[in-house]
Amino acid sequence: MKQKMKSQKQNTKDRKTAKRIFRSWTCSSFKQYKLTKRSFFKHSPKQKTMIKITELEKVYRTEEVETIALNKLTMEVKEGEFVAVMGPSGCGKSTLLNILGLLDDPDKGSFLFNKIEVAHFNERKRADLRKHNIGFVFQSFNLIDELTVFENVELPLIYTGVKSADRKIKVEQVLDRVQIMHRRNHYPQQLSGGQQQRVAVARAVVNKPKLILADEPTGNLDSSNGNDVMQLLTELNEQGTTIVMVTHSEHDARYSHRIIRMLDGQAVVENIMA
Ligand SMILES: Nc1ncnc2c1ncn2[C@@H]1O[C@H](COP(=O)(O)OP(=O)(O)O)[C@@H](O)[C@H]1O
Ligand SMILES: [Mg+2]
């Protein structure tokens, strides 16, 4: 009898151990799988297309002149890519970014965002897609002077209807991440350029967008602050965020996977980074 109980006890113990091992194995294997999947997808030609633009045209008309800002531009961006867009001033880079960010619409051509045709979405649909999927970083930071650092970063969460208590947690997390928590009650004008851009990056990512659009994000920064911002963008990309960044800096472009070079509203050359 005693012997039987002992062996039953041993059995239960063995089962528990086996369960524990199995659980830890599946957890770590799943983590490993996810990591492998990410690094595999990063450079795999099979990864999903996030942006597909075909023969896109945008013309600005004033009373005297007509400017062709985008001239049958065709390009693609895969999910998880970090793409730099370069080209001389006036070649259409900001126009492209505004259309990608659904801030503006093209005159002709197709723009598929996650396989959905969005080129002629109305303003309400564009705004809805934008606030859930896209974060912006601009050269001139574009923070609201009358709001504190905390309030600036909180804004996208208010737009998407996040409750106050959750907003506080999310804003604090992201301010911590860009190392600007100690300035949470300051106003933008009380911060250096580098700090302001870190706040702008925090605001761009607080909603965990799938796509970040950055228009010369280091254009107003010295090289040390510029490198910090590039480092931050690289980390976000490594965690899965797709990035399209306009830049004049070959140095900054080296952080990307691929450079699309534009001229007169068209994509003319592509360089894949080693
Ligand atoms: N709102 C606008 N009205 C008229 N012309 C514009 C407007 N926005 C841009 N443009 C013109 O379109 C062309 C492309 O501009 P832009 O996309 O800002 O170029 P980039 O960002 O490459 O310097 C330029 O010739 C510019 O002057
Ligand atoms: Mg521009």
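**View 1. Valine 83 and its bridge partner in the neighbouring strand.** In this predicted model, V83 has V244 as its bridge partner in strand β8. The two strands shown here, β3 with residues 82–86 and β8 with residues 242–246, pair in the parallel sense, and 4 bridges hold this pairing on record. Helix α7, which covers residues 223–238, packs on the sheet and touches β3, β7 and β8, and its direction makes about 150° with that of β8.

**View 2. The open sheet of 6 strands.** Strands β3 and β8 belong to an open sheet whose order is β6-β7-β8-β3-β9-β10 and whose pairing is mixed. Strands β6 (134–138) and β10 (266–272) stand at the edges and have a single partner strand each, so that one side of each is left without a neighbour in the sheet. On average, and with direction ignored, neighbouring strands of this sheet are turned by 20° against each other.

**View 3. Helix α2 across the sheet.** Helix α2, formed by residues 93–100, lies across four strands, namely β3, β7 (211–215), β8 and β9 (258–263), and runs at about 155° to β8.

**View 4. The open sheet of 4 strands.** A further open sheet has the order β2-β1-β4-β5, and its pairing is antiparallel. The edge strands are β2, with residues 66–78, and β5, with residues 116–117, each of which pairs on one side only. Strand β1 (residues 49–61) runs antiparallel to β2 and is joined to β2 by 10 bridges. Looking along this pair, the reader can locate I51, whose bridge partner in β2 is V77.

**View 5. Lysine 108 in strand β4.** K108 is found in strand β4, which spans residues 108–113. Is K108 buried or exposed? K108 counts as exposed because 12 other C-beta atoms lie within 10 Å, and a residue with 12 or fewer such neighbours is placed in that class. Although K108 and L56 are 52 residues apart in sequence, their C-alpha atoms are 5.7 Å apart in space.

**View 6. The whole protein, for orientation.** The close-ups above can be placed within a protein that has 8 helices and 10 strands. Of its 274 residues, 35% count as buried. Among the contacts in the protein with a separation of 6 or more, 70% are accounted for by residues that lie 24 or more positions apart.

Terms used: Residues are numbered from 1 along each chain as its sequence is written. Chains are lettered from A and ligands numbered from 1 in the order in which they are written. This is a predicted model: local features need pLDDT of at least 70, side-chain atom pairs count only at pLDDT 80 or more; totals for chains, interfaces and linings use all residues. Two strands pair if DSSP finds at least two bridges between them. A residue is buried if 20 or more other C-beta atoms lie within 10 Å of its own, exposed if 12 or fewer, and partly exposed in between; C-beta atoms are placed from the backbone. Axes are lines fitted to C-alpha atoms, for helices over the stretch in contact, and angles run from 0 to 180 degrees between N-to-C directions. Two residues are in contact if their C-beta atoms, placed from the backbone, lie within 7 Å.
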